[in-house]
Amino acid sequence: MVCVFVPVCCLWSEDQSVCSRTFCGAGRQCVSTDRGEPACRCSQQCGVSEHWVCGSNSKSYRNHCELHRDACITQTKIHVQHRGHCLEKPTRTDVSPIVCFMSDRDWLREQVIQWVQNEVESNASSAHVVLETYFQTYDNGDSQLDSREFLSFLKHNETALNLTYSETLEINLLLRSLCVDALIELSDENADWKLSLPEFMSCLTPSYHPPEKKCALEDEVFEDGAEIHVACNKCVCACGNWVCTALTCTGEFQREEDVKEGAAEDEMTEEEWSRTVAELTKLQDTFT
Ligand SMILES: [Ca+2]
Ligand SMILES: [Ca+2]
């Protein structure tokens, strides 16, 4: 009877010594093989303690052990993204910057030209006189129409313009303001973001066609509406300018990308991102 008991006792203590020098890492445990050799296996179970963590696979785990155990079972690399449950975050494709495209700008310009033309006809006046009158009405006296004054000028005939780009009021207002900036840029020959009277006249003269601006990046020319991705942000070519979303690309995003695509060169630090944006801006400024 004693002999039966002793081997069990000795086998157990032998197991302990087999594994005493073996470290299996998180989510794994050491077991003794039939031959009494140490082997690492995925942990059979983890404790029930609640210390939630978010994994790099965007999955929430009750505790660190569960995360590593899952990584072991699925044979994938999962690391802790942050403590707590995973938060829903925007993916790179569902956030676009709000921009005034060339077609939006040209449409606004055509509407204003049409409105002025109607006034010319009904008052038996000239476009020059009508535009000069509006210029003087909305200018604060510095003989320059800035974007705020240009917006007030547009409000003069809201119904004739019927400016609706989007169903959301806020976006409409933002877009109108962006399109006014684009319109000013169109004929702002001295690039001071204001229109002198001759610049204002050019802007609203149908025959005035300034050279079309395109977006440039590394010797490549992009058409209006082109999109590029810079880390987690999206840049859109609109009226010759790159306009980008300004999401903070956290380490989380980069590590996630790394895990998904295994492409370390896609990672971009905040600093690199700022440099790229500066580069884009510089390129589009110098490109004609
Ligand atoms: Ca002014
Ligand atoms: Ca100007």
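This passage describes the aromatic contacts and one calcium site of a predicted model. Local features were accepted at pLDDT of at least 70 and side-chain atom pairs at pLDDT 80 or more, whereas totals for chains, interfaces and linings use all residues. Side-chain values rest on heavy atoms, with hydrogens and water left out; residues are numbered from 1 along each chain, and ligands from 1 in the order in which they are written.

Across the whole structure, 9 aromatic pairs were found, a pair being two rings of Phe, Tyr or Trp (its six-membered ring) with centres within 6.5 Å, stacked if the planes are under 30 degrees apart, edge-to-face if over 60 and tilted otherwise. Phe-135 and Phe-200 form a tilted pair, because their ring centres are 5.5 Å apart and their planes lie at 50 degrees. Since Phe-135 belongs to helix H4 (residues 127–138) and Phe-200 to helix H8 (residues 197–203), this pair ties together parts 65 residues apart in sequence; helices are DSSP runs of H or I with at least four residues, numbered from the N terminus. Both Phe-135 and Phe-200 are buried (under 20% relative accessible area; exposed is over 50% and partly exposed in between, with a 1.4 Å probe and protein chains only). One aromatic cluster comprises Trp-115, Tyr-134, Phe-135, Tyr-138, Phe-150, Phe-153 and Phe-200.

Helix H8 spans residues 197–203, and Glu-199 supplies two OE donors to the calcium ion (ligand 2), alongside Asp-188 (OD), Asn-190 (OD1), Asp-192 (OD) and Lys-194 (O), at 2.3 to 2.8 Å. Donors are N, O and S atoms within 2.8 Å of the metal (3.2 Å for Na, K and Ca). Glu-199 is buried at 7% relative accessible area, whereas Asn-190 is partly exposed at 48%. The donor residues follow the spacing D-x1-N-x1-D-x1-K-x4-E. Angles of 50 to 158 degrees among the 6 donor atoms make the site irregular, as six donors count as octahedral if opposite donors are over 155 degrees apart and all others between 65 and 115, and four donors as tetrahedral if all angles lie between 85 and 135 degrees or as square planar under the octahedral limits, anything else being irregular.

Notes
Helix = DSSP H or I, 4+ residues; strand = E, 2+ residues; numbered from the N terminus.
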